[in-house]
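Work through the following exercises with the structure at hand. Each task is followed by a solution in steps.

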Amino acid sequence: MLNRRHIRVKVMQSIYAMHQNGSENLEKEEKFLLFSIENIQDLYLVMLSSLIEICKKEAVFLEKSSEKYLATPEERNPNKKFISNAIFKLLSENSSLSIALETRKINNWTLNDDYILLLQAAIKDSSLYKKYMTNRTNTFDEDKQFIISIFSDVIATNDKLYDYLEDHKLTWVDDIPMVNTQIIKQIGALKSASDDSFRVPKLYKDSEDKEFVSNLFRKTVLNEVELAKEYIDKTPNWDTERIAEIDTIILKMAICEFLKFPSIPIKVTINEYLEIAKEYSTPKSSIFINGILDNLVKEFQAANKIVKTGRGLM
């Protein structure tokens, strides 16, 4: 689920938090970093299980409506296309998802079902729902596209849900887009109503990515003074006191990758940190960082300070 860019973002945020808190407890901060990454799995399960719970709430609503003493003909014979959606069924019966929900003890919607009711109402009020419910026939392709659309346009964009997630775990704020993208990708890959290929993804692609978290964090933090020396005299037109702190952290992390991660290509490092700067720092940061890194790479290469191993790593 995690990609290297998101790992870099989490490490950057942890280093920034250390600076803000004045913390020098490396082990404590590393433990929190790993814990915050581990919690991404919970966010994924919370978001995915919201679909199952919305379907359950609507099924209960239709059942109760049909049992009313003065139920209308429509209430006695409701359109069950929504609750019969093939994606709801696939998710609710998926063993990988059920086991993960139980193992991770995900019960957010049992404790906070008012948010499910809120999402249920928002879906039923949407034009997507009204169009979908114009007939009573379910087809897999329509069912899948409908779920992708309501998840993207109604659930993922709901401000009250966002506020709840932020309040529940502050570290989730920057993880939400990545998790939602993962869910949409997986639902979009389903081929039929009998497709049993859905699996809860592993948090890390492999052991190297997991090790990359701690290695990047530790090597950057433990060498901050030395890493800063590499760029301080390369900013004659910039007052070092006024350079955005995020920019200094990005520079240190990038230089750390140049010098201490021989398997990561130079171009990859530069591109990754420029994109991170565009998203998390000032409008001019990426231009500033790009200029510094370009000059440093030339200098490091001339002095043979960069040693990269493997094909295409320069």
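**Exercise 1. Largest pocket**

Task: State which helix gives the most to the lining of the largest pocket, and with how many residues.

Solution. The model is a predicted one.
- Step 1: Helix H1 (4-21) and helix H2 (26-66) each supply at least two residues of this lining.
- Step 2: H1 gives the most, with seven residues.
- Step 3: The pocket encloses about 380 Å³ of space. Its lining has 17 residues, and those closest to the centre are Gln-13, Ser-14, Ala-17, Phe-32 and Thr-171.
- Step 4: Sorted by class, the lining holds nine nonpolar, five polar and three charged residues.

**Exercise 2. Second largest pocket**

Task: Find which elements give two or more residues to the lining of the second largest pocket, and which of them gives the most.

Solution.
- Step 1: The volume of the second largest pocket is about 230 Å³.
- Step 2: List the lining: Asn-3, Arg-5, His-6, Val-9, Asp-174, Pro-177, Met-178, Glu-275, Ile-276, Glu-279 and Tyr-280.
- Step 3: Two or more of these residues come from each of H1, helix H11 (176-188) and helix H15 (266-280).
- Step 4: H15 gives the most, with four residues.
- Step 5: The class split is five nonpolar, two polar and four charged residues.

**Exercise 3. A helix pair**

Task: Decide whether helix H12 (residues 207-222) and helix H13 (residues 224-232) are roughly parallel or roughly perpendicular.

Solution.
- Step 1: The two helix axes come within 5 Å and cross at roughly 75 degrees.
- Step 2: Angles of 65 to 115 degrees count as roughly perpendicular, so H12 and H13 are roughly perpendicular to each other.
- Step 3: H12 makes the contact through Lys-219, Thr-220, Val-221 and Leu-222, while H13 uses Glu-224, Glu-226 and Leu-227.
- Step 4: In this contact three residues are nonpolar, one is polar and three are charged.

**Exercise 4. Salt bridges**

Task: Show that the pair of Asp-113 and Lys-57 counts as a salt bridge, and place both residues in the chain.

Solution.
- Step 1: Side chains of opposite charge can pair when their charged atoms come close.
- Step 2: The cut-off between a Lys or Arg side-chain nitrogen and an Asp or Glu carboxyl oxygen is 4 Å.
- Step 3: For Asp-113 and Lys-57 the closest N and O atoms are 3.0 Å apart, and the pair forms a salt bridge.
- Step 4: Asp-113 lies in helix H7 (residues 113-124) and Lys-57 in helix H2; being 56 residues apart, they link distant parts of the chain.
- Step 5: The total count by this rule is 19 salt bridges.

Terms used. Residues numbered from 1 in each chain as written. Predicted model: local features only at pLDDT ≥ 70, side-chain atom pairs only at ≥ 80, totals over all residues. Heavy atoms only, no water. Axes fitted to C-alpha atoms, helices over the stretch in contact; angles between N-to-C directions. Parallel < 35°, antiparallel > 145°, perpendicular 65-115°, else oblique. Contact = heavy atoms within 4.5 Å. Nonpolar A, V, L, I, M, F, W, Y, C, P; charged D, E, K, R; others polar. 1 Å grid on protein atoms, 1.4 Å probe; cavity = no way out; pocket = protein on both sides within 12 Å on 5 of 7 lines; lining within 4 Å. Points joined across faces, edges and corners; volume = space filled by probe spheres on them.
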